[in-house]
Amino acid sequence: MSGPGGTVLLGIGGGIAAYKAAELARALVQRDLAVQVVMTAAAQEFVRPLTFASLTGRRVITDMFSSASPEATLSSAVEHIGVGQEAGVLVVAPATADLMAKFAHGLATDFLTTLYLAFTGRVVLAPAMNTNMWRHPATAANLETLRARGHRIVDPEDGFLACGMIGPGRLADPETIAEAVWQELHPRRDLEGETVLITAGPTQEPLDPVRFISNRSSGRMGYALAEAAAERGARVILVSGPVNLAEPAGVRVVRVRTASEMREAVLANLEPATIIIKAAAVADFHLASVPEQKIKKTAARLSLALDPTPDILAEVGRAKGGRLLIGFAAETENLRQEARRKLQTKNCDMVAGNLVGREGTGFDAEENEVILALRTGEVLELGRAPKRVVAGRIFDEALKLRLALHALDER
Ligand code: PMT
């Protein structure tokens, strides 16, 4: 059953997001992967197996013991455990709270959970569920167990859920999940030997012991870059402002709060870095002298004199030596012009410019739409994509750029 790109088992759990697994199946097939779908009984309540049989060109495994359904390929449980032997990756999407609990505790109550236990390849889990279920300590503990087992978790997105709640729990974009599966099947190690220093998230500048100035950065762009670099074999140091994200596997995370702490952490880790990426949204101003006591509500108007924070990117630009320096530019207008200006003034090799202040991309969004201004003079448009996909493209272009710059230097 092997496809040119490899073979994947796609397990589908019983949640409203099961319909999105059809898009995932299509994205996998488009990557020339052979896809064998396994549906739980609950999943079949949401989508019919025929949908997946049509998309993948193969019959769907629907349960452990019955071969009555014309859409099932079952002859015996043992035979179907054999299905797993050919596949390099088992991806489960949506991975419900129930499935994750069963995986974590080794329960084999149906075909998919039995297959999971018998499977020796790589596992990718894309959870999707109600926000409260996602946040429940039981789910968090199961997730921790599964992460520790080395499984790749494609975290759910924040958003409007079918149950009417708004929050984390929505299945990740099918393209992001397909990309994760592809990476598991065909790991690229083209960043082996590199040390990548990345900044992510906002900074918080205190105004008094309880108040601060900050911005809407979620850290997702920087964390996506850290994840992508680690997967491709780099040693990664992630200097992170206060965010609410899980630490990427295999990444050293240095937590900071203010711009000045971020500057110190960056400078302390500059020496081994070969590539530096500044995706953090650093506050441009701070209160130089923070009062020890809470500011009282006494005057009708409060004026605060703010001083500029250190420009970390510009400072690194002056000290970068032979390192590849990539800055970001968050703009509400004149994106190309501003990205090029920051490339020059901060001595960067590449500036990733994103238009911010728009719904769905940039700050606190799952996707980003980025242009890359390069030191060679070129400007590339990456188009809108999940941040994980954008991160991969930034590294692709960074490696090409370094070769081009070396070639220019040698002339
Ligand atoms: O975190 P997310 O929610 O995923 O959102 C991602 C993002 C929109 C924050 C990210 O894609 C992004 O654009 N990051 C840079 C935001 C920013 O501060 O841009 P800027 O144009 O103000 O700064 C230009 C560059 O200088 C940036 O690389 C910034 O890290 C750096 N800088 C800025 C000020 C400062 N005092 N020191 C700096 O190093």
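This note goes through two helix pairs and one sheet in a predicted model.

1. Helix 11 (residues 220–231) packs against helix 15 (residues 387–410), and the two axes lie 8 Å apart at an angle of about 55°. That angle makes helix 11 oblique to helix 15, since angles from 65 to 115 degrees would count as roughly perpendicular and those under 35 as roughly parallel. The crossing of these two helices is right-handed.

2. On the side of helix 11, the residues that meet helix 15 are Arg-220, Met-221, Ala-224, Leu-225, Glu-227, Ala-228, Ala-229 and Glu-231. Helix 15 contributes Lys-387, Arg-388, Val-390, Ala-391, Gly-392, Ile-394 and Phe-395 to this contact. By residue class, the contact of helix 11 with helix 15 consists of nine nonpolar residues, one polar residue and five charged residues.

3. A second helix pair is formed by helix 6 (residues 97–105) and helix 9 (residues 137–148), whose axes come within 9 Å and cross at roughly 50°. With that angle, helix 6 is oblique to helix 9, and helix 6 passes helix 9 in a left-handed crossing. The residues in contact are Ala-97, Met-100, Ala-101, Phe-103, Ala-104 and His-105 from helix 6, together with Thr-139, Asn-142, Leu-143, Thr-145 and Leu-146 from helix 9. Sorted by class, the contact of helix 6 with helix 9 holds seven nonpolar and four polar residues, and no charged ones.

4. The sheet to inspect is an open one of eight strands, in the order 12-11-8-13-16-17-18-19, and its pairing is mixed. Its edges are strand 12 (251–255) and strand 19 (379–386), each of which pairs on one side only. On average, and with direction ignored, neighbouring strands of this sheet are turned by 20° against each other.

5. Within this order, strand 16 (residues 324–331) and strand 17 (residues 350–355) run parallel and are joined by six bridges. For a specific position to check in the register, Phe-328 has Ala-352 in strand 17 as its bridge partner.

6. Helix 15, already described as the partner of helix 11, also packs on the sheet, where it touches strand 8 (195–200), strand 13 (275–278), strand 16, strand 17, strand 18 (367–374) and strand 19. The direction of helix 15 makes about 160° with that of strand 19, an angle that counts as roughly antiparallel because it is over 145 degrees.

Definitions and conventions:
Residues are numbered from 1 along each chain as its sequence is written. This is a predicted model: local features need pLDDT of at least 70, side-chain atom pairs count only at pLDDT 80 or more; totals for chains, interfaces and linings use all residues. Side-chain values use heavy atoms; hydrogens and water are left out. Axes are lines fitted to C-alpha atoms, for helices over the stretch in contact, and angles run from 0 to 180 degrees between N-to-C directions. Helices (H or I, at least four residues) and strands (E, at least two) are DSSP runs, numbered from the N terminus. A crossing is left-handed if the near helix is turned anticlockwise from the far one by less than a right angle, and right-handed if clockwise. Contact means heavy atoms within 4.5 Å. Ala, Val, Leu, Ile, Met, Phe, Trp, Tyr, Cys and Pro count as nonpolar, Asp, Glu, Lys and Arg as charged, and the others, Gly among them, as polar. Two strands pair if DSSP finds at least two bridges between them.
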